[in-house]
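Me: I am beginning to study protein structure and would be grateful for a close reading of a single part of the model shown here. Please begin with that part and then place it among its surroundings.

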Amino acid sequence: MTFRAYVAEKVESSGGGVSVTRGVREFAAADLPPGEVEIRVGWSSVNFKDGLATRADGKVARISPIIPGIDLAGKVVSSSDPAIAVGSSVVAHGYDLGVARHGGYSEYQRVPSGWIVPLPDGLTERDAMAIGTAGFTAAMSVAALQERGLKPGDGPVLVTGASGGVGGTALAILADLGFEVWAATGKADEADRLRGLGAAGILTRDEVTAAGKPLESERWAGAVDAVGAATLPYVLRTLRTNAAVAASGNASGPKLDTTVFPFILRGVALLGMDSAQLAIDRRRAVWHRLATDLRPRSLGDHVTEVTLDTLDGALDGILAGEARGRWIVRVGV
Ligand SMILES: NC(=O)c1ccc[n+]([C@@H]2O[C@H](COP(=O)([O-])OP(=O)(O)OC[C@H]3O[C@@H](n4cnc5c(N)ncnc54)[C@H](OP(=O)(O)O)[C@@H]3O)[C@@H](O)[C@H]2O)c1
């Protein structure tokens, strides 16, 4: 059997520079990595990390050539684990997928059974990838703020990078739960869409990236930030006493230029979100919540479909900060 997969491969030029070639290739089952569960992939998605996995300077891909795609949803076609039934729909994301072993941009993929999330009732495979790693991380972030005690009515909650995958899904989930959510975005023309998702107010990118004092007026009861360098300093210095920010990303860069004052004078908490290494039982529990109480009402509304043949533009677009919702990849349906 052969099948199609999208591949990124590093190529060294005679001058010593490294570039990446990208495109669809034919693969054979023997080319797949080991794993107890073989999946006919229906859908995958485009995450910031996938863009980086196809860049020579991206520091994400640990093998070359690599089939990128840090998440996938599909049907089990063979399984040596009795707990994972042939014919069932499953999701897999994180761990080494699309980073240190082949990932979701492939009509077939093999995955260790310990990485498998049975698709919860109430979600289709397409829904699962409309959520994808970005939406999963948004749900993790909301759950972490709730565990810290945040409740609707506590005050406004800020979401940065609101037009993107993590930000947009966090905004939708929080608004659906009844929080007063404010969206920070660099795209003025996204304001109406973000209000439609439930944003109570909009902040411009300038407002959340300007330099400021070590501490400013206490404004936010909580925050979700996946932008990193450009916005996290503002978030920290404007959080209310004992409030927390769930920080997951570096869309604007990894450096953090802040002071300790938010932590030592206001008891502010910086909650780190790592979806890739989250233990499988907790991962399955978050997916269960995504199918129930954290399911965004707008699920599936703000997606752009691409295929293995039209992936390049989405991978470049996400790195250029052009996301407007989520790109999903129709792989084998
Ligand atoms: N820790 C984890 O487990 C985890 C999981 C998933 C994602 N992530 C990380 O989270 C980040 C976001 O991922 P994503 O998939 O949501 O990406 P995305 O869809 O591209 O969203 C990122 C958003 O950030 C804003 N942004 C981009 N560049 C910016 C800049 N230079 N300055 C200020 N804002 C900027 C843009 O929103 P606006 O134009 O609306 O401002 C953009 O849409 C990435 O760094 C990704 O690696 C981490």
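Which residues does L119 touch, not counting residues up to four places away in sequence?

Reply: The model is predicted, and the account below should be read with that in mind. Leaving out residues up to four places away in sequence, L119 touches A73, S89, V90, V91, E125 and A128. L119 itself is placed in the loop between β7 and α2. A residue is called buried if 20 or more other C-beta atoms lie within 10 Å of its own; L119 has 20 such neighbours and therefore counts as buried. A further pair can be described by its distance: L119 and A92 are 27 residues apart in sequence, while their C-alpha atoms are 9.4 Å apart in space.

The elements around this loop also appear in the description of helix α8. This helix, residues 280-291, has 12 residues. From first C-alpha to last it reaches 17 Å, close to the 16 Å expected at 1.5 Å a residue. Its buried residues are R283, W287 and L290. They cover an arc of only 55° around the axis, which means that they are on the same side of α8. An α-helix has 3.6 residues a turn, so residues three or four places apart point the same way. On the other side of α8, D281 and R282 are exposed. The cover over the buried residues of α8 includes β5 (89-93), β7 (117-118) and α2 (125-147).

The next step is the division of the chain into domains. The domain assignment gives domain 1 (2-119 + 302-330) and domain 2 (134-272). Their centres, taken over C-alpha atoms, are separated by 29 Å. Where the two meet, 9 residues of domain 1 are in contact with 10 residues of domain 2. On the side of domain 1 that touches domain 2, the classes are 2 nonpolar, 5 polar and 2 charged residues.

The ligand gives another view of these domains. It is surrounded by 32 residues, of which the closest are G161, S163, G164, G249 and A323. The elements giving two or more residues to this shell are α1, α2 and α3 (165-176). By class, the shell divides into 12 nonpolar, 16 polar and 4 charged residues. Domain 1 and domain 2 each supply at least three residues to the shell.

Helix α3 deserves separate attention. Its 12 residues should span 16 Å at 1.5 Å a residue, and the 17 Å between its end C-alpha atoms agrees with this. Because 11 of these 12 residues are buried, α3 is largely enclosed by the rest of the structure. Among the buried residues are G165, V166, L171 and A175. The elements that cover the buried residues of α3 include α2, β8 (157-159), β9, α4 (191-197), β11 (220-225) and β15 (326-330). Just after the helix, G178 takes a positive phi of about 100°.

Strand β9, one of the elements that cover α3, can be examined through one of its residues. T185 is in β9, which comprises residues 181-185. With 26 C-beta neighbours inside 10 Å, T185 counts as buried. Apart from neighbours within four places in sequence, T185 is in contact with A162, S163, E190, L194, I202 and R205. Of these contacts, S163 is also one of the residues closest to the ligand. In contrast to a contact, the pair T185 and K75 is 110 residues apart in sequence and 37 Å apart in space, C-alpha to C-alpha.

Finally, several backbone details may be noted. The loop between α1 (48-53) and β4 (71-79) contains P65, and the peptide bond from S64 to P65 is cis, with omega near 0°. K59 is also placed in the loop between α1 and β4. Its phi is near 55°, a positive value in a residue other than glycine. K59 is exposed, with 9 other C-beta atoms within 10 Å. N242, in strand β12 (residues 239-247), likewise is not a glycine and has a positive phi of about 70°. N242 has 12 C-beta neighbours inside 10 Å and so counts as exposed.

How values were computed: Residues numbered from 1 in each chain as written. Predicted model: local features only at pLDDT ≥ 70, side-chain atom pairs only at ≥ 80, totals over all residues. Helix = DSSP H or I, 4+ residues; strand = E, 2+ residues; numbered from the N terminus. Contact = placed C-beta atoms within 7 Å. Expected span 1.5 Å × (residues − 1). Arc of directions from axis to C-beta. Near = placed C-beta within 6 Å. Nonpolar A, V, L, I, M, F, W, Y, C, P; charged D, E, K, R; others polar. Domains from an automatic or database assignment.
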